[in-house]
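These are my notebook entries from a session with one structure, kept in the order in which I looked things up. I began with a pair of helices and went on from there.

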Amino acid sequence: MNRPLPPSHASVVVIGGGIMGCSTLYHLAKEGVTDAILLERNKLTSGTTWHSAAQVRALRSTRNLTDLIRYSVELYSALEQETGQATGWINTGSLSIATNPDRLTHIKRQEALAHLFGVEAHSISVGEAKERWPLMNADDVIGAVWSPGDGRVSPSDLCAALVKGAKTRGATVFEDTGVIAILTENDRIVGLETTNGSIRCDAIALCTGLWSRSNAALAGVDVPVWPCEHFYLLTQAVEGAQGNLPSLSDHDGHLYIRDDSGGLLIGCFEPRGKAISPERVGEKSPFQLLPEDWDHFEPMMHNALHRLPCLKTAGVRTLLNGPESFTPDGSFMLGESAETRGLFLGCGMNSVGVATGGGAGMALAHCIIHGHTPTDLHEADPKRFPNCFRSAATLSERVPEVLGEHYAISYPGYQWSTSRNLRETPLHEKWKAVNAHFGQFHGWERPLYFGKTEEPVLTFNRPSWFDQVGNEVKSAHEAAAIFDQSTFGKVRVTGQHAEGFLNRVCANDMTRPPGCAIYTAMLNERGGYESDLTVLRLGVDDYRLYVATAATKHDIAWLRRHLRSDEKVTITDETTAYAVIGLMGPNSESIARRVGADELNATRYFRHTETEIAGIGVRGVRLSYVGEPGWEITCRAADAGKVYDKIHDAGAKPAGVFAQTSMRVEKRFLAYGHDLDTDINPLQAGLAFAVDWQSDFVGKESLLRLRDQAQTSVMMSILLEDRVAVPLGNEPVYYNDEIVGKTTSAAYGYRIKRPVALAFIDTSVAADLEGIGVEIDIARERHRGTASFKAAYDADGTRMRHVEPV
């Protein structure tokens with residue numbers, strides 16, 4: 001019998017018949033893209049979806065990621081009524097246990113986060129936990145959190161329901177149809193070649209799991225995904241395992257456990273996973289598994305025997321070993337690629353594909369149709385990865401650690417130990433010589449603090465580096481400090497139409513004359529932040545943009561995609577060509593004079609000038625991200641060492657990222673990805689002063705509408721009373737025993753000698769929010785503080801006052 005051939009044209013082609021592909025097709029069709037088609041080289045679900053343990057746990061690290069899974073739960077429970085096809089959705093709830101104090105803090109922070117996001121979760125006693133899981137050995141359990149809304153689903157049935165729903169709306173599916181080429185013109189998708197003919201199309205949704213790296217390469221796109229082996233044990237029937245038990249999370253033992261067909265399913269995210277070559281997995285064998293590896297699983301089996309004594313007599317059905325794909329940071333990819341317009345990625349799901357798939361498919365379809373995700377999902381933006389993560393060696397080294405960290409305690413200050421030293425700043429050797437402790441940011445090694453003598457012990461309490469960071473803040477506050485800001489993205493925009501182009505994509509006035517520095521935003525059409533940046537106008541047709549370290553790839557793509565065909569503008573990435581040295585503190589002026597760069601002292605705030613240090617030409621701009629006087633000094637990367645030596649010898653001391661963060665939070669300086677994102681507008685962030693309302697910029701129409709409305713939430717500083725409290729950000733804020741906001745950044749303020757947080761607070765709380773008493777929930781303990789629109793610290797001596805919370 002002849003199979004039907006794919007059409008010669010489709011608006012959108014979805015590649016991959018797993019949960020992400022099926023969900024994306026369903027939502028495209030639901031949104032009116034009825035000619036969308038799905039291509040699967042083998043059979044639906046035959047890649048990795050079919051062997052998923054299929055747990056659906058709602059809580060994630062952000063509200064928007066959590067909402068994707070909440071959407072999934074609603075969808076999975078409604079699809080059967082819509083399509084007549086069962087999905088196997090069962091609302092069992094989930095139980096998280098702790099066997100040590102830090103794990104208990106971790107799950108209590110998760111419980112607090114659940115309350116913030118509107119997810120039901122409750123701390124319960126060890127006795128109640130034992131009642132909910134009678135087969136569990138609870139002798140070493142010290143606490144537990146119960147989440148009644150979680151559950152599980154049947155992956156193959158779920159995909160069948162999604163496909164059925166898509167087909168009823170006009171979409172079509174073609175199995176046994178592989179993609180052999182992706183066609184582009186001028187870096188834009190125009191079609192593809194399949195094993196069954198050519199298809200012209202406007203967009204492709206690439207949802208091919210661990211094969212996405214090789215498939216994306218067909219379109220000239222690097223996708224940093226790599227497979228790991230993933231294990232779970234299936235037992236024969238076990239007395240007491242009948243019915244539907246909650247999912248049990250024993251993360252101290254690296255285990256997840258649930259019932260399965262009268263027996264038990266025991267899965268693990270072991271401390272160090274096993275990477276596997278994609279070539280070994282292959283492409284042509286559907287529903288494949290990898291060989292059992294009892295030697296690798298044995299430590300996890302010991303943990304399982306401890307937690308479930310009944311396993312000692314249980315029969316084993318199989319040790320399932322199925323490959324799954326992971327990314328370098330443990331978050332999936334969802335959105336348009338930086339390199340090729342029209343290529344949308346929905347892959348690298350890091351073992352949360354089934355749980356997230358319903359909502360993620362909806363979000364990807366929305367992105368394809370509308371050009372953006374329905375809410376901010378910058379954590380999943382494919383453009384977040386620098387090119388240094390593209391190699392097989394780097395990925396295969398990193399992903400076993402990513403798998404191992406899946407159930408790790410989320411300590412503040414944690415850094416990846418693998419795939420390091422991929423990008424080093426021009427001052428890297430200088431920092432090593434003074435015992436810097438480095439962190440990795442967008443592939444760059446940045447000094448977190450100095451004077452490290454041994455590896456830090458991570459904790460939720462005051463960290464071991466607390467005093468050293470305090471010394472670095474003291475240098476910047478009382479004398480002078482050097483901050484390495486070389487990892488800023490540096491984007492040169494030149495050409496005849498550079499001014500008009502930037503005045504359109506930036507919200508501030510970009511017509512200011514050469515010599516000016518301009519703090520501005522790039523906004524989307526909805527008025528939300530795409531970038532928060534500083535721009536130096538170097539000449540009439542010459543600008544240099546300084547953008548956030550992790551946003552460089554995103555921002556360059558944003559600029560290029562807003563460039564009109566008739567605009568004579570050149571956009572160049574100069575990030576690695578230049579170093580940026582921050583010289584900050586009250587002694588910075590005398591140091592500038594001492595090193596022969598007195599021109600800096602004649603420069604006004606938000607102005608820049610050229611001068612020389614150590615015979616090297618530099619450009620200094622008078623501004624500060626730490627609330628102390630000084631300059632950000634740009635020089636050629638090759639000259640950075642000489643410039644540093646001269647400034648250091650004149651009395652400035654090194655200071656790291658942790659000191660900078662403490663000082664910028666005190667000063668209420670906001671950071672993209674923490675305090676600002678695509679859902680946040682300048683009005684609620686308190687940054688409307690950086691908007692030129694006379695300019696005709698992207699997002700102005702929406703921002704004008706927002707200006708005429710009351711903001712639902714606004715950015716405020718919160719100064720805590722308890723000097724030893726350790727807020728981290730992403731905590732609920734209470735007023736009158738109701739959740740009214742969320743912290744976004746937090747640190748100990750060394751200049752004010754108290755912890756301080758930045759937070760968005762609901763404006764409905766009070767007619768006048770200034771000075772209200774609030775509480776921050778830190779691991780289910782509330783800490784009182786005072787909210788203010790002012791910075792917690794100002795160089796003129798102004799401080800926030802304290803009031804009693806209501």
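Which residues in α1 meet which residues in α5? Before answering I note that I am working from a predicted model, so what follows describes that model.

**Entry: α1 and α5**

I listed the contact and found that Ile-19, Cys-22, Ser-23, Leu-25, Tyr-26 and Ala-29 on the α1 side meet Leu-158, Cys-159, Leu-162, Val-163, Gly-165 and Ala-166 on the α5 side. Sorted by class, the residues of this contact are 10 nonpolar and two polar, with no charged residues. I then looked up the geometry: the axes of α1, which covers residues 19-30, and α5 come within 8 Å and cross at roughly 25 degrees. Since angles under 35 degrees count as roughly parallel, I entered α1 and α5 as roughly parallel to each other. The handedness of this crossing is left-handed.

**Entry: α2 and α5**

I turned next to α2 (residues 63-83), whose axis comes within 10 Å of that of α5 (residues 155-167) and crosses it at roughly 55 degrees. I therefore recorded α2 as oblique to α5. The crossing of α2 and α5 is left-handed. From α2 the contact takes in Leu-75, Tyr-76, Leu-79, Glu-82 and Thr-83, and from α5 it takes in Leu-158, Ala-161, Leu-162, Lys-164 and Gly-165. I counted the classes here too, and the contact of α2 with α5 has six nonpolar, two polar and two charged residues. Going back over both lists, I see that Leu-158, Leu-162 and Gly-165 of α5 appear in the contact with α1 and also in the contact with α2.

**Entry: cysteines**

Because Cys-22 and Cys-159 both stand in the list for α1 and α5, I wanted to know how many disulfides the structure holds. A search of the whole structure finds zero. Cys-22 is in no disulfide, and the nearest cysteine sulfur, that of Cys-159, lies 4.1 Å away, whereas the cut-off for a disulfide is 2.5 Å. I also looked up the accessibility of Cys-22, which is buried at a relative accessible area of 0%. Cys-268 is likewise in no disulfide, with the sulfur of Cys-228 as its nearest cysteine sulfur at 11 Å. Cys-268 has 1% relative accessibility and counts as buried.

**Entry: Glu-270**

Is Glu-270 buried or exposed? With 3% relative accessibility, Glu-270 counts as buried, and I placed it in the loop between β15 (263-268) and β16 (274-275). I then asked which residues Glu-270 touches, leaving aside those up to four places away in sequence. The list is Glu-229, Phe-231, His-254, His-296, Met-300, Leu-403 and Gly-404. I also looked up the separation from His-497, which is 227 residues from Glu-270 along the chain, and the C-alpha atoms of the two are 55 Å apart.

**Entry: α12 and α17**

Further along the chain I examined α12 (residues 466-478) and α17 (residues 657-666), whose axes come within 9 Å and cross at roughly 65 degrees. This crossing of α12 past α17 is right-handed. The contact is made by Val-469, Glu-472, Val-473 and Ala-476 from α12, together with Phe-658, Ala-659, Ser-662 and Met-663 from α17. By class I noted six nonpolar residues, one polar and one charged in the contact of α12 with α17.

**Entry: α14**

How many of the residues of α14 are buried? I found eight of its 10 residues to be buried, so that I describe this helix (residues 552-561) as mostly covered under the 20% cut-off. The buried residues are Thr-552, Lys-553, His-554, Asp-555, Ile-556, Ala-557, Trp-558 and Leu-559. I then looked up what these buried residues pack against, and the elements are β24 (489-494), α13 (498-505), β25 (517-523), β26 (529-539), β27 (542-547) and β28 (570-573).

**Entry: the loop between β35 and β36**

My last search was for positive phi values, given that most residues other than glycine have a negative phi. Asn-736, although not a glycine, has a positive phi of about 60 degrees, and Asp-737 also has a positive value, near 70 degrees. Asn-736 lies in the loop between β35 (732-735) and β36 (738-749), and Asp-737 is placed in the loop between β35 and β36 as well. On accessibility I entered Asn-736 as partly exposed, with a relative accessible area of 48%, and Asp-737 as exposed, with 52%.

Terms used:
Residues numbered from 1 in each chain as written. Predicted model: local features only at pLDDT ≥ 70, side-chain atom pairs only at ≥ 80, totals over all residues. Heavy atoms only, no water. Buried < 20%, exposed > 50% of the residue type's maximum accessible area, 1.4 Å probe, protein only. Axes fitted to C-alpha atoms, helices over the stretch in contact; angles between N-to-C directions. Helix = DSSP H or I, 4+ residues; strand = E, 2+ residues; numbered from the N terminus. Parallel < 35°, antiparallel > 145°, perpendicular 65-115°, else oblique. Left-handed = near helix turned anticlockwise from the far one by under 90°. Contact = heavy atoms within 4.5 Å. Nonpolar A, V, L, I, M, F, W, Y, C, P; charged D, E, K, R; others polar.
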